[in-house]
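Subject: Structure handover

Hello,

Please find the structure below, with the notes I made on it. The notes start with a question and then go through the findings by topic.

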Amino acid sequence: MTTTKPATIELETQSAREVVDITARVDALLGGARDGSCHLFLKHTTAGLMILTGEAGVPEDIMDILQTLVPPRAYRHDSAAHVGAHFLSGLVGPSVHVPVQGGRLALGEFQRIVLMEFEGPRRREIELRLLAERGP
């Protein structure tokens with residue numbers, strides 16, 4: 001039997017720019033699902049969700065690279081940092097899909113699900129939708 005399970009992940013970021021690994025929190029919400037799909041959607045426009053390697057230093061290097069994509073200039077909307085956060089959020093995107101196999105996230109050996117904070121510290125909310133076969 002197929003079931004849909006909604007859940008919400010809430011977290012507080014600590015810095016203006018931060019990479020937060022949420023993989024364990026997502027995995028803990030799978031609750032007996034066998035095979036299916038896990039969709040995560042971030043309800044904010046100044047942060048994003050990505051799947052990255054968990055190798056030391058890589059997430060921070062990617063954050064640094066992303067920051068170089070925001071040129072210093074006068075923006076119409078607000079401060080350069082605020083507009084830059086909106087741009088990077090749009091570039092990275094608000095969602096990821098991950099397959100679920102045998103009750104676990106079917107990520108590659110080094111893959112991790114991360115929240116990319118571009119304008120913190122903030123309270124962030126991620127909507128999880130699990131579409132999966134129920135366990136025996």
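Is Glu119 buried or exposed? Glu119 is buried, because its relative accessible area is 14% and the cut-off for that class is under 20%. Please keep in mind throughout that this is a predicted model.

Salt bridges

The side chain of Glu119 forms a salt bridge with that of Arg122, at 3.0 Å from N to O. Arg122 has a relative accessibility of 36%, so this residue counts as partly exposed. In general, side chains of opposite charge can pair when their charged atoms come close.

A second salt bridge links the side chains of Glu117 and Arg124, with an N to O distance of 2.6 Å. Here both residues, Glu117 and Arg124, are buried.

A third one is found between Arg129 and Glu127, where the N to O distance is 3.5 Å. Glu127 is buried, since its relative accessible area is 15%. Arg129, with a relative accessible area of 40%, is partly exposed. Salt bridges with shared partners connect Glu127 and Arg129 with Glu10, Lys43, Arg123 and Glu125 in one network. The count of salt bridges in the model comes to nine.

The sheet

Three strands make up an open sheet in the order 2-7-4, and their pairing is antiparallel. Which strands stand at the edges? They are strand 2 (18–21) and strand 4 (47–53); each has a single partner strand, so one side of each lacks a neighbour in the sheet. On average, neighbouring strands of this sheet are turned by 35° against each other, direction ignored. As background, the strands of a sheet pair through backbone hydrogen bonds, either parallel or antiparallel.

Strand 7 covers residues 111–117 and is joined to strand 2 by four bridges, the two running antiparallel. On this side of the sheet, Asp21 stands opposite Val114 of strand 7, and Val20 has Leu115 of strand 7 as its bridge partner.

How many bridges join strand 4 to strand 7? There are seven, and these two strands also run antiparallel. In this pairing Ala47 is opposite Glu117 of strand 7. Glu117 is thus a residue that appears twice in these notes, as it also meets Arg124 in the salt bridge of 2.6 Å described above.

Why is strand 7 described as largely enclosed by the rest of the structure? The reason is that five of its seven residues are buried.

Helix 1 and its contacts

Thr23 lies in helix 1, which spans residues 23–28. The relative accessible area of Thr23 is 6%, so Thr23 is buried. If neighbours within four places in sequence are left aside, Thr23 is in contact with Leu105, Leu107, Arg112 and Ile113.

A nonpolar patch on the surface

Leu69, Phe87 and Leu91 form a nonpolar surface patch, and together they have about 280 Å² of accessible area. One of them, Leu91, belongs to helix 3 (residues 80–92). Leu91 counts as partly exposed because its relative accessibility is 46%, and the partly exposed class runs between the 20% and 50% cut-offs.

Regards

Terms used
Residues are numbered from 1 along each chain as its sequence is written. This is a predicted model: local features need pLDDT of at least 70, side-chain atom pairs count only at pLDDT 80 or more; totals for chains, interfaces and linings use all residues. Side-chain values use heavy atoms; hydrogens and water are left out. Patches are made of residues with over 30% relative accessible area and no salt bridge: like charges are joined within 9 Å, nonpolar side chains (Val, Leu, Ile, Met, Phe, Trp, Tyr) within 5 Å. Accessible areas come from the Shrake-Rupley method with a 1.4 Å probe; for residues, only the protein chains shown count as cover. A salt bridge is a side-chain nitrogen of Lys or Arg within 4 Å of a carboxyl oxygen of Asp or Glu. Buried means under 20% relative accessible area, exposed over 50%, partly exposed in between (1.4 Å probe, protein chains only). Two strands pair if DSSP finds at least two bridges between them. Axes are lines fitted to C-alpha atoms, for helices over the stretch in contact, and angles run from 0 to 180 degrees between N-to-C directions. Contact means heavy atoms within 4.5 Å.
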